[in-house]
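Grab your viewer and a coffee. Here are a few exercises to work through by eye, each with a solution spelled out step by step.

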Amino acid sequence: MPYLTPDSDIVSIIDAAPTPATVLSPDRTRAALVRYESHPPVAQLARRYLSLGGMRLDPVIAGRQRIRRLTGISLLSLADGSERQLELPPDASVSVPAWAPDGRRFAFTCDELDGIGVWVADAESGTARQLPGLRVRDVLGGDPTSAGSTIRWSRDSRSLLVLGAPAGPVALPVALAEPQVEETAGKHSQMATFQDLLRTVADEDAFEALATTVPLRVDPESGVAVTLGPAGLYRFLGESPDGQHVLVGKLQRPFSFRVPWVYFARRVEVWSAAGVPEYLVTELPVSDEVPRQGVPTGPRMVSWLESRPATLVWTEALDGGDPHAPAEHRDQMFRLAAPFTGAPEPVARLEHRCLGWLDLREPDLLLVAEHDRDRRWLTTWLRDLSDSGAGRVLFDHSADDSYHDPGSPLMTTHQDGSRTVLQDGSQIYLRGDGATPDGDRPFLDRFDLADSATTRLFHSTADAYEHVLGFVADGRTEVVISHETPAAPPNLFAAALDGGRRRQLTSWPDPHPQLTRMQRQLLTYDRGDGVQLTGMLYLPPGYDPARDGRLPLVIWAYPLDYGDAGTAGQVRGSTQRFTRLNAPEPVWFVLRGYAVLANATMPVIGDPETMNDSYVEQISAAASAHITALTELGIADPDRVAVGGHSYGAFMTANLLAHTDLFAAGIARSGAYNRSLTPFGFQTERRSFWEATGVYDRVSPFRYANQIAAPLLLIHGAADANSGTFPLQSERLFQAVQGNGGTARLVVLPHESHGYAGRESVLHVLAEQFAWLDRWLGTGAAS
């Protein structure tokens, strides 16, 4: 059938320009504003791509598939709010800019008809120019919307380290039909059900051809490039703080048909600044036997210590990477200084799994985060690598506890190119969401590393939603904030921390002023067993229960796991945010006279090892409580309630229709419904299918399709790349409902992946959803 289109009021909102992304300069005197296209035409998604190594690659430009288009960049002065738009080619598709450490220039990529070019912009003049003859490839360099590891500035801002495209066209092998053969013997490869993997020898050759780059050092003025090393499968180039060495990561054969490219055989080396190999940090085999929820063995997170001229730091698992193995310490950190001739020095043993670290300005000091999997606990240490990793706990809290989240440190890039936590003596700055029982109120705190004293510098007002992007320039008296209210869209302001004058920096318009009068309310109530539930209720403009009566209700949710009832019941979200209607959201139904309970909490609580034993019972109790609460408020008609969700929310939806009679209809998008097809875990489930067969069976709505009586709309992207949510999942559930005499509709969207991007696709989805609920919950459907 042809694509459907909803009414013009919906189309105009979909087509409204989104709020630009903001990238502050290192000196915090300017911001690059990146504009983008929310929904490109489906024709862009339909461009030929190759599924290789867990990625989708465009063979024409030798880069990753583009499913979003960044359309332009402008420069905003934080001093006076003036803005300059860069002149770029018509219909440009660019990346997020990469600022030079001195803040005077930034680099970005721009797609061309047959490759990816590199541009450099001057911040003072607001002009940009292409570096002639330079092409890059972003296959292994990160997100195609970000310059990522494809382009990095040198520490002194004088040159670019680039993953350049080899000269000449890509020589792709001829893909002949051939038998696909795999063999296993003795391997325990209990990993996720990855998509887009290599399947044939020709795939391996094509992957290598498209991912091969040449490491270059490029003069950003002239574009002259110096080759640092031979062509290879480079992942990143990172200059040491003193500029005398380069950390090099690259892949090598053998590849794998079982896991994506990040687990292929790989090595990390140190080269001189001129490209002479100096030291092999590690050479790792294919990591296709990583334990469930574990990590690969060998060095990981190898990086430069930012506070030293040329010292490497990394961590290694002491437990074989297996979280189930008993171990006094799970990880060991190491360091090694130039000239890299001695043995790596063990510097800190971590009781739990290392999540990463942030460098402080003082030599050898790090903020190290570790995660206790058994307790679902996060601990942040201040560690001194010069003192055998001696440390002191700064923060220690449940990973589920939003109320006690201390926030994340502000970072800064110094003039010498080092990137560290922003510090003033022993004081750092923490930025957080500020979850409270009354909703989120973002904050900025000053935290003293010496005595853990905390001073609140900024707190979002109760009648708005404001979050800090960073300080203005070198001072500590003014911050850049994003300010929004239910009636005012997000805009940037420079705000004095003493509560004084605010300067408005941008004036982005309301994309849909017709929604200003939409009513919104944060609701809280009990699940029936002491667990607090929450949801954000949206009502049509001007709705009055006494005058207008009860409304059909849409409940939209995504279940989350928690270790205890207290954290499960915490309030997350804010009534003070501007309602920007994005395609995946359920609030659209308000425009058609429905009440919508968005972000309705469906907590699954218990021991992390066994909480899914009661998954169905817990989500059923939550769904019943949500309906009861809205019914008692006089808002919802309990006979006209629909439930919906995306991905794990779709899984929830199908389960609720299979195991309860609470709903008149359901919408399930891009879900997984047969858990035997995800046999080595799903979401946070830690057991395999063979260890908990009864649980996998119980939570698989496919198994109970004969009990799905309410009409179910199934929507899926035909090219879903998400692990486990194959299109087959929706196809087989539809066939099961069909075969048992139920009512269902299956919509498969051409060229779409797990989230839907194409303009025609998202408009079709909205039209389908409106029609489905109007059919089963509309005025004529009232019982």
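A residue counts as buried under 20% relative accessible area and as exposed over 50%, with partly exposed in between. Keep in mind that this is a predicted model.

**Exercise 1. Place Gly 54 in the chain and decide how accessible it is.**

Step 1: Find the segment. Gly 54 sits in the loop that joins strand 3 (50-52) to strand 4 (55-58).

Step 2: Apply the cut-offs. Gly 54 has 32% relative accessibility, so it counts as partly exposed.

Step 3: Look at the neighbours. Leaving out residues up to four places away in sequence, Gly 54 touches Gln 195, Asp 196, Leu 197 and Pro 260.

Step 4: Check a distance. Ala 21 is 33 residues away from Gly 54 along the chain, and their C-alpha atoms are separated by 28 Å.

**Exercise 2. Work out which strands stand at the edges of the sheet with the order 1-2-6-7.**

Step 1: Read the order. Four strands make up this open sheet, running 1-2-6-7 with antiparallel pairing.

Step 2: Pick out the edges. Strand 1 (21-24) and strand 7 (83-85) each have a single partner strand, so one side of each is left without a neighbour in the sheet.

Step 3: Add the twist. From one strand to the next, it averages 30 degrees.

Step 4: Zoom in on one pair. Strand 1 and strand 2 (residues 30-37) are joined in the antiparallel sense over four bridges. Within that pair, Thr 22 stands opposite Leu 33.

**Exercise 3. Find out which parts of the chain the Asp 15 and Arg 759 salt bridge ties together.**

Step 1: Start with the geometry. The two side chains, Asp 15 and Arg 759, meet at 2.8 Å, N to O.

Step 2: Locate the ends. Asp 15 is in the loop between helix 1 (8-14) and strand 1, while Arg 759 belongs to helix 10 (residues 759-777), so the bridge ties together parts 744 residues apart in sequence.

Step 3: Check exposure. Asp 15 is partly exposed at 42% relative accessible area, and Arg 759 is partly exposed too, at 29%.

**Exercise 4. For the salt bridge between Arg 292 and Glu 691, is each partner buried or exposed?**

Step 1: Confirm the contact. Their side chains meet at 2.6 Å, N to O.

Step 2: Place both residues. Arg 292 lies in the loop between strand 19 (277-284) and strand 20 (300-304), and Glu 691 in the loop between strand 46 (665-669) and helix 8 (693-698), so this pair ties together parts 399 residues apart in sequence.

Step 3: Classify them. Arg 292 is buried, at 10% relative accessibility, whereas Glu 691 is exposed, with 51%.

**Exercise 5. Do the same for Arg 687 and Asp 613.**

Step 1: Get the distance. The closest N and O atoms of this salt bridge are 2.9 Å apart.

Step 2: Locate the ends. Arg 687 is in the loop between strand 46 and helix 8, and Asp 613 is in the loop between strand 44 (604-605) and helix 6 (615-632), 74 residues apart.

Step 3: Classify them. Arg 687 is buried at 14% relative accessible area, but Asp 613 is partly exposed at 42%.

Step 4: Widen the view. The structure holds 49 salt bridges. Arg 300, Asp 319, Arg 330, Asp 331 and Arg 353 are linked in a network of them.

Key. Residues are numbered from 1 along each chain as its sequence is written. This is a predicted model: local features need pLDDT of at least 70, side-chain atom pairs count only at pLDDT 80 or more; totals for chains, interfaces and linings use all residues. Side-chain values use heavy atoms; hydrogens and water are left out. Two strands pair if DSSP finds at least two bridges between them. Helices (H or I, at least four residues) and strands (E, at least two) are DSSP runs, numbered from the N terminus. Axes are lines fitted to C-alpha atoms, for helices over the stretch in contact, and angles run from 0 to 180 degrees between N-to-C directions. A salt bridge is a side-chain nitrogen of Lys or Arg within 4 Å of a carboxyl oxygen of Asp or Glu. Buried means under 20% relative accessible area, exposed over 50%, partly exposed in between (1.4 Å probe, protein chains only). Contact means heavy atoms within 4.5 Å.
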